[in-house]
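Biologist: I'd like to go through this model with you and ask how you back up each label you use. Can you start once it's on the screen?

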Amino acid sequence: MDIRNFEPTHAAVLENVSRRNLLKGVVAAGGLVVAAQFVPREALADENAYNTGAGGMPGGTVYDPHVFVSIAPDGTVSIVTHRSEMGTGTRTSLPMVVADEMEADWSRVKIVQAPGDEQKYGNQDTDGSRSIRHFVQPMRACGAATRQMLEKAAAIMWACPDTDVMAKNHEVIHMPSGRKVGYGALAAAAAALPTPAMKTLVLKDPSQFRYIGKGQVQMTDLRDITMGKANYGQDMMAPGRCRACARWSRSRRRRCRRSSRRSAASP
């Protein structure tokens, strides 16, 4: 189920949407650390202040975990990032938001780059410093929906009320007895459940965040990007595609050289 044109009104919103204040770039353990910053919704004078216009963009927004999240039997969580990495950590920060809300262990998370498909993933324009501003709340909703689906699957397995179970650090716990079951064991049953309606989602209070705003998650692929080993757009090859580059004519190059000499000789 795809939910589009979603305008966030839940729990927490971005304090400052500027890119420089959104991501904290620090040299720590050899990597850039990303940390989205939030303030409680109560701090806003107007609840509609976070009306960014994301729903009006081509493709709108989507929060369905069936689109963005998959869990393998061994518990590995794959989270799709539908925006391109432009050096600000977007490819890390959006999956990090999902992982935080779904109570996933970040060390067991894999990031998967989405193909271009706005009908499936929502708007994919990576420009204007809008990725976090537009998608932090839909990604929180995606993570919360995933968490509640895993909790529901566990409640069904244990034949207990939903209120008796709680997701915590890649497991669902049966609170009365202390029994635990890992995400991998619940994955198939949870995936078969419908996506919870937006109005039923319970987002974390910011005090419960494990990754968001903590400044401890390193930017994915930072070393490969820095060393030129990552796959860039110009590295992609389609069948029958040829490589080409612009080249100045020899006469133009000679004119430029002469011009450069004259400029150097000028006072």
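Modeller: Sure. This is a predicted model. Start with helix α3 (residues 90-101) and helix α5 (residues 131-158): their axes come within 6 Å and cross at roughly 35°. The crossing of α3 and α5 is right-handed.

Biologist: Which residues make the contact of α3 and α5?

Modeller: From α3 you have T90, S93, L94, V97, V98 and E101. From α5 come S131, I132, F135, V136, M139, R140, C142, G143, A144 and R147. By class, that contact has nine nonpolar, four polar and three charged residues.

Biologist: What makes E101 and R147 a salt bridge?

Modeller: The cut-off is a side-chain nitrogen of Lys or Arg within 4 Å of a carboxyl oxygen of Asp or Glu. For the side chains of E101 and R147 the N to O distance is 3.0 Å, so the pair meets the cut-off. E101 sits in helix α3 and R147 in helix α5, so this pair ties together parts that are 46 residues apart in sequence. A search of the whole structure finds eight salt bridges.

Biologist: Now the strands. How do you know that β4 and strand β5 pair?

Modeller: Pairing takes at least two bridges between the strands. Three bridges join β4 to β5 (residues 77-81), so they count as a pair, and they run antiparallel. One example: the bridge partner of S70 is S78 in β5.

Biologist: What makes β4 and β6 edge strands?

Modeller: The open sheet has the order β4-β5-β6, with mixed pairing. β4 (69-71) and β6 (109-113) each have a single partner strand, so one side of each is left without a neighbour in the sheet. Neighbouring strands there are turned by 25° against each other on average, direction ignored. Helix α3 turns up here again: α3 lies across β4, β5 and β6, running at about 130° to β5.

Biologist: And the other sheet, why are β7 and β9 at its edges?

Modeller: That open sheet has three strands in the order β7-β8-β9, with antiparallel pairing. β7 (165-168) and β9 (179-182) each have a single partner strand, so each has one side without a neighbour in the sheet. On average, neighbouring strands of this sheet are turned by 25° against each other, direction ignored. Helix α6 (residues 183-191) packs on the sheet, touching β7, β8 and β9, and its direction makes about 70° with that of β9.

Biologist: How do you know that β7 and β8 pair, and β8 and β9?

Modeller: Count bridges again: at least two are needed. β7 and strand β8 (residues 171-174) have four bridges, and four bridges also join β8 to β9. Both pairs therefore pass the cut-off. K168 stands opposite E171 in β8, and V172 has V181 in β9 as its bridge partner. In the hairpin of β8 and β9, which has four residues between the strands, G178 takes a positive phi near 85°.

Biologist: Where is pLDDT below 50?

Modeller: Over residues 1-50, although this stretch has 128 contacts beyond near neighbours in sequence. Over residues 263-267 pLDDT also stays under 50, with zero contacts beyond four places in sequence. Where pLDDT is low, the predicted coordinates should not be read in detail. The chain averages a pLDDT of 78, and 73% of the residues score at least 70.

Technical notes
Residues are numbered from 1 along each chain as its sequence is written. This is a predicted model: local features need pLDDT of at least 70, side-chain atom pairs count only at pLDDT 80 or more; totals for chains, interfaces and linings use all residues. Side-chain values use heavy atoms; hydrogens and water are left out. pLDDT is the predictor's confidence in each residue, from 0 to 100. Contact means heavy atoms within 4.5 Å. Axes are lines fitted to C-alpha atoms, for helices over the stretch in contact, and angles run from 0 to 180 degrees between N-to-C directions. Helices (H or I, at least four residues) and strands (E, at least two) are DSSP runs, numbered from the N terminus. A crossing is left-handed if the near helix is turned anticlockwise from the far one by less than a right angle, and right-handed if clockwise. Ala, Val, Leu, Ile, Met, Phe, Trp, Tyr, Cys and Pro count as nonpolar, Asp, Glu, Lys and Arg as charged, and the others, Gly among them, as polar.
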